[in-house]
Amino acid sequence: MRTVTLPGGEAVPALGLGTWHMGERGADRAAEADALRCGIDLGMTLVDTAEMYASGGAEEVVADAVRGRRDQVFLVSKVLPFNASRNGTVEACEASLARMEVEVIDLYLLHWPGSYPLDETLAAFDELRRDGKIRHWGVSNFDTAEMQDLFGHAGGDFCATDQVLYNLDRRGVEFDLLPWCRARSMPVMAYSPLEQGRIAGNDALAEVARRHGSTEMQVALAWVLDREGVIAIPKAARLDHVRQNRAALDIRLTAEDRAALDAAFPPPSAKQPLEIL
Ligand code: NAP
């Protein structure tokens, strides 16, 4: 598995597994845990979840997937902004740990900017880290100005990542946020790398896919994986999708492919506000 290095020097998989919408229906939970286990078997050992997903149900699916193999997995979860007070963050983290049946979360994110003072959330992250309940912390859906503000707070520069919407069709972050993070050796986690399954249907994408004997989704994912310092976390509940996503890591895009995709999905020429799903 190709890896990306966190600011502290730890290497994590460049391709992980998303879990949004998992755990929503009891009847699907076993198949969803199977899909996660299949991905982990294939080396996609970074699992992204959140207390928000299915109101904790996705974290319970993660528990089923990682039981007996916790040490093989890098677990990411998130605190909701309206829980992110000094005590609320600690309580939310402890509830996530209980639902996932684990002792520690590897990377704990503030899901999006909220109204509690950041100093409170950062103090809670620090306490959780010192107590061994989380190993790293980071943020999600923070635009460049919000990252700059975060770094102005005491300890803010210990942030390990910013998880943001990033795919072929949503390239706004390339203008300023990605370079800002790269300058600080901070990887970005690309969520919805397949635009939630809607990225296909473009002629250029179809042509590149044809050249590689792959699907359009695989090329879209390969494009995200081709970016330096980016971790992609596609969600797939179907086993064939999990295997196709793993195979996308082996697609080597050529200069011709990149140019064709740039023409069809142009990079930003000016600042765009961060998009959120
Ligand atoms: P996504 O990964 O872009 O797309 C998921 C959809 O694509 C599912 O319907 C899935 O179908 C389908 N799919 C997966 N692999 C495929 C393939 N090879 N071919 C065809 N279809 C495929 O969207 P996402 O779930 O929004 O984003 C990924 C993860 O990022 C989430 O699950 C979550 O962990 C995280 N996320 C974070 C935030 C945030 O605010 N921080 C926001 C959104 C998402 P099946 O499931 O049926 O296989």
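Here is a short back-and-forth about helix packing, pockets and a cavity in a predicted model.

User: Why are α3 and α4 called oblique to each other?

Analyst: Start with the angle: helix α3 (residues 86–100) and helix α4 (residues 118–130) pack at about 45°. Angles under 35 degrees count as roughly parallel, and 65 to 115 as roughly perpendicular. The angle falls in neither range, so α3 and α4 are oblique. Their axes lie 7 Å apart, and the crossing is right-handed.

User: What makes the contact between α3 and α4?

Analyst: From α3 you get Arg86, Thr89, Val90 and Cys93. On the α4 side sit Glu120, Thr121, Ala123, Ala124, Phe125, Glu127 and Leu128. Contact here means heavy atoms within 4.5 Å. Sorted by class, the residues of this contact come out as 6 nonpolar, 2 polar and 3 charged.

User: And what makes α8 oblique to α9?

Analyst: Same kind of check. The axes of α8 and α9 cross at roughly 45° and come within 8 Å. Roughly parallel needs an angle under 35 degrees and roughly perpendicular needs 65 to 115, so α8 is oblique to α9. The crossing of these two helices is right-handed.

User: Which residues of α8 and α9 meet, and how do they divide by class?

Analyst: In α8 they are Gln218, Leu221, Ala222 and Leu225, and in α9 they are Gln244, Asn245, Ala247 and Ala248. The contact has 5 nonpolar and 3 polar residues, with no charged ones.

User: How do you know what to call the pair α1 and α2?

Analyst: Helix α1 (residues 29–41) and α2 cross at roughly 55°, and their axes come within 8 Å. Roughly perpendicular starts at 65 degrees and roughly parallel stops under 35. That leaves α1 and α2 oblique to each other, therefore the label. α1 passes α2 in a right-handed crossing.

User: What do α1 and α2 bring to their contact?

Analyst: α1 brings Arg29, Glu32, Ala33, Leu36, Arg37 and Ile40. They meet Gly57, Glu60, Val61, Val62, Asp64, Ala65 and Val66 in α2. By class that contact has 7 nonpolar, 1 polar and 5 charged residues. If the polar one puzzles you, Gly counts as polar here.

User: Now the empty space. What lines the largest pocket?

Analyst: It has a volume of about 640 Å³. There are 34 lining residues, with Trp20, Ser192, Gln196, Pro234 and Lys235 nearest the centre. Two elements give two or more residues to the lining, α8 (216–225) and α9 (239–248). The largest share, 3 residues, comes from α9. The classes run to 14 nonpolar, 15 polar and 5 charged.

User: What about the second largest pocket: how much space is there, and which residues are closest to its centre?

Analyst: About 260 Å³ of space lies in it. It is lined by 13 residues, and Arg129, Trp137, Gly155, Asp157 and Phe158 are the closest to the centre. α4 and β6 (134–140) each give two or more residues to this lining. The lining divides into 6 nonpolar, 3 polar and 4 charged.

User: How many cavities does a search of the whole structure find, and what makes a space a cavity?

Analyst: The search finds 1 cavity of 30 Å³ or more. A 1.4 Å probe fits in a cavity but cannot get out, whereas a pocket is open. About 80 Å³ of space lies in the largest cavity, so it clears the 30 Å³ cut-off.

User: Which residues line the largest cavity?

Analyst: They are Asp143, Leu165, Arg170, Gly172, Val173, Asp176, Leu177, Lys271, Gln272, Pro273, Leu274 and Glu275. The lining divides into 5 nonpolar, 2 polar and 5 charged.

User: One last residue, Arg70. Where is it, and what is it in contact with?

Analyst: Arg70 is in the loop between α2 (57–66) and β4 (74–79). Leaving aside neighbours within four places in sequence, Arg70 is in contact with Leu75, Val102, Val104, Ile105 and Asp106. Each of those contacts rests on heavy atoms within 4.5 Å. As for Thr45, which is 25 residues from Arg70 along the chain, the C-alpha atoms of the two are separated by 10.0 Å.

How values were computed. Residues numbered from 1 in each chain as written. Predicted model: local features only at pLDDT ≥ 70, side-chain atom pairs only at ≥ 80, totals over all residues. Heavy atoms only, no water. Axes fitted to C-alpha atoms, helices over the stretch in contact; angles between N-to-C directions. Helix = DSSP H or I, 4+ residues; strand = E, 2+ residues; numbered from the N terminus. Parallel < 35°, antiparallel > 145°, perpendicular 65-115°, else oblique. Left-handed = near helix turned anticlockwise from the far one by under 90°. 1 Å grid on protein atoms, 1.4 Å probe; cavity = no way out; pocket = protein on both sides within 12 Å on 5 of 7 lines; lining within 4 Å. Points joined across faces, edges and corners; volume = space filled by probe spheres on them.
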